[in-house]
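Here is a short tour of one protein chain, from its surface down to its sheets. Have a look at the fold before reading on.

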Amino acid sequence: DPYACDPPRHPVLIVNSSKPFNAETPAEILTASYFTPNAFFYKRNHLPVPDIDPEAYRLEVRGEGIPTPVFLSLEELKKKFPKQEVVATLQCAGNRRKEMTHVRPVKGLNWNIGALGNARWGGVWLRDVLLYAGFQEDDTQVKHVQFEGRDQDVTGSAYGSSIPLHKAVAEKNDVLLAYEMNGDELPRDHGFPIRVVVPGVVGARSVKWLHRIVLSREESRSHWQRNDYKGFSPSVDWTNVDFSKAPAIQELPVQSAITEPAEGAQVLADDGDLVVRGYAWSGGGREVVRVDVSLDGGCTWNVAQLEPPYVSEDDRNAQQTEEGRAWAWKLWTLQAPLPAEGGKLEIVCKAVDSSYNVQPESFEPIWNLRGVLSNAWHHVHITVLP
Ligand code: MTE
Ligand code: MO
């Protein structure tokens, strides 16, 4: 069993597939804290978790614009470069795929709303490592930075992906090679000893168990860069899809979901106010500026309260607050009186980001055969008992 050496996992995770291990955070845990505890953070593995000896670990940096390949031990990475922190939400391209399947079946893991999480990542800037390896910022040949993981399939091919060069080297993009997650050593499931964290970008580019960085004129040739994680028109199906025709997903669109109350919940009218909670986030460092919540299926709307994100001095220092660097989610709440006469409520939420992008109303027009980019309004139905 190639999965025999996988690490133990917390039983509260909702398992989507056990080999490889894919599991999401239960909704009520998602918004219980601004930082998702490591044990509860969603886990998205394509392959068995590699067992890497930190002493023997070497990160290789090579390719166009790098005079000779450079190998860095974990120790060297920690000693040669200043430690940096970034607070960033990671979201899987397939988060909320389950709702899209109600339109028509799609291919992929049946994620509900919990394939994302927020963490304080500690490590070194990718930019610093590339410059150390000899990359010149005025280089005009290199267009992409490719990442290879140490997890391999039976044919020996590794998980990999790439991001555009400008994303990787611009200081304002805060791309990190992380060795810490929420103040702890990076857990095995999350890429021990080193993973990439690309803030504002689809989770698939934040390569775990990072083994090699390759600067190149072209995108990664990996399956996950070229033949997956792309969006298509609802008219495209498996008989006519051409993956070469769509760009790889990088920045994700604006997203939000309701974590409380749960779908189908029953509440008593004299319990007092209804408290609705959820998360909201947008890709590319675009800040969520507003979340609208409806209690009547989208006829009338209320503006939710966005929770202040900071919880401690340390976290404040790690948080990027400049415009265009809103990498972290916002948790929100809406408090509203329950109807005394009882009845059924259809709670709906939608977020707005700093570019005034809004979530689409329904899934039909955004349906795609892989069920990615699934960000329509989120609905929860509850019953109020008089
Ligand atoms: N990196 C490697 N090496 N192998 C993987 O399977 N999965 C990717 C990405 N990096 C993956 C990887 C995907 S699709 C996502 S959404 C995130 O890791 C998930 O990160 P997490 O498991 O730490 O939540
Ligand atoms: Mo993902």
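## Surface and charge

The chain exposes an accessible surface of about 16,400 Å², and carbon and sulfur atoms make up 50% of that area. Please keep in mind that this is a predicted model. The chain carries 40 positive and 51 negative charges, and the mean positions of the two sets lie 6 Å apart.

## Overall build

In total, 7 helices and 22 strands make up the secondary structure of the chain. Its radius of gyration is 21 Å, close to the 21 Å expected from the globule rule for 386 residues, so the chain is as compact as a globular protein of that length. The C-alpha trace spans about 75 × 55 × 45 Å along its principal axes.

Turning to the interior, 57% of the 386 residues count as buried. Among contacts with a separation of 6 or more, 73% are between residues 24 or more positions apart.

## An antiparallel sheet

One open sheet has 4 strands, ordered S14-S16-S20-S19, with antiparallel pairing. Strands S14 (255–260) and S19 (305–306) are at the edges with a single partner strand each, so one side of each has no neighbour in the sheet. Strands S16 (residues 273–281) and S20 (residues 330–337) pair over 8 bridges, and Leu274 sits opposite Ala336 in S20.

## A mixed sheet

Another open sheet, of 5 strands, runs in the order S15-S22-S21-S17-S18 and has mixed pairing. Its edges are S15 (266–268) and S18 (302–303); each has a single partner strand, so one side of each is left without a neighbour in the sheet. S15 pairs with S22 (residues 378–385) in the parallel sense over 3 bridges, with Val267 opposite Val384 in S22.

Terms used:
Residues numbered from 1 in each chain as written. Chains lettered and ligands numbered in written order. Predicted model: local features only at pLDDT ≥ 70, side-chain atom pairs only at ≥ 80, totals over all residues. Heavy atoms only, no water. Pairing = 2+ DSSP bridges. Helix = DSSP H or I, 4+ residues; strand = E, 2+ residues; numbered from the N terminus. Rg over C-alpha atoms; globule rule 2.2 N^0.38 Å. Buried < 20%, exposed > 50% of the residue type's maximum accessible area, 1.4 Å probe, protein only. Contact = heavy atoms within 4.5 Å. Areas by Shrake-Rupley, 256 points an atom, 1.4 Å probe, with all protein chains shown as cover. Lys, Arg positive; Asp, Glu negative; His and termini not counted. Charge placed at Lys NZ, Arg CZ, Asp CG, Glu CD.
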